Amino acid sequence: MTPSLIHLAEAQKSAPVTDWAARIGWVVGLLVFIAFVYWLMRQGWKWRGTLQGDLPELPSAPATTPSGGGKPPLTMSGRYHGSTTAGQWLDRIVARGLGTRSRVELTLTDQGLDVVRPGAASFFVPAAALRGARLDKGIAGKVLTEGGLLIVTWRHGDREIDSGFRSDRAADHAAWVEALNALSTTHTTTTTEHTETEGAR
């Protein structure tokens, strides 16, 4: 065999080794890039949480529930998809654990909305803090079909917040919008009348 043919045979044998080395290099590079993007996301998350550090601690549900006179509680099982500044569906709120998606159990009574999240921070929205509810299709990081999300608007500290929920039975959303709007309107009317009465004295 001539020297040129020997060199050609050796090149053909070494080619697969060279290809594997290139592939490994691409995989390592891709993993490094993904890790870098993830790190940037984590830093952005921490930075946003720092900016929102003035958000007060989330209220807890009352220890006892008054008996008699009130409507039966409305309950729902589903998922919590996050919270944003009210009216700004991309301005995610991450402080106080509000940025953590989770399973959720909702209970609505005359006192307010109890949000129980296994594995994440639960909280309570008093009736006085409710500002209404609507059906929508998206909230920061989550987009569904039209009406696929129950958006509850509430006030906490000096912020108005939109929180997104999805029931395991999406057909229940309409009843929740009606009940939440009725409760927030009733409480707002009562508070306004009380304020006007106090001012007239």
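Three short exercises on this predicted model follow, each with a worked solution. Numbering starts from 1 along each chain as its sequence is written, and side-chain values use heavy atoms, without hydrogens and water. Local features need pLDDT of at least 70 and side-chain atom pairs pLDDT 80 or more, whereas totals for chains, interfaces and linings use all residues.

**Exercise 1. State how many helices and strands the protein has, and in what order they run.**

Step 1. Count the DSSP runs: helices are H or I of at least four residues, strands are E of at least two, numbered from the N terminus. The protein has 2 helices and 10 strands.

Step 2. Read from the N terminus: α-β-β-β-β-β-β-β-β-β-β-α.

**Exercise 2. Place Pro72 and decide whether Pro72 is buried or exposed.**

Step 1. Pro72 sits in the loop between α1 (3-51) and β1 (74-85).

Step 2. Apply the cut-offs: buried is under 20% relative accessible area, exposed over 50%, partly exposed in between (1.4 Å probe, protein chains only). Pro72 has a relative accessible area of 70%, so Pro72 is exposed.

Step 3. Check a distance. The C-alpha atoms of Pro72 and Asp110 lie 9.0 Å apart, with their positions 38 residues apart along the chain.

**Exercise 3. Find the element that holds Ile34 and classify the exposure of Ile34.**

Step 1. Ile34 belongs to helix α1.

Step 2. Its relative accessible area is 47%, so Ile34 is partly exposed.

Step 3. Compare the whole chain: 28% of the 201 residues of the protein count as buried.
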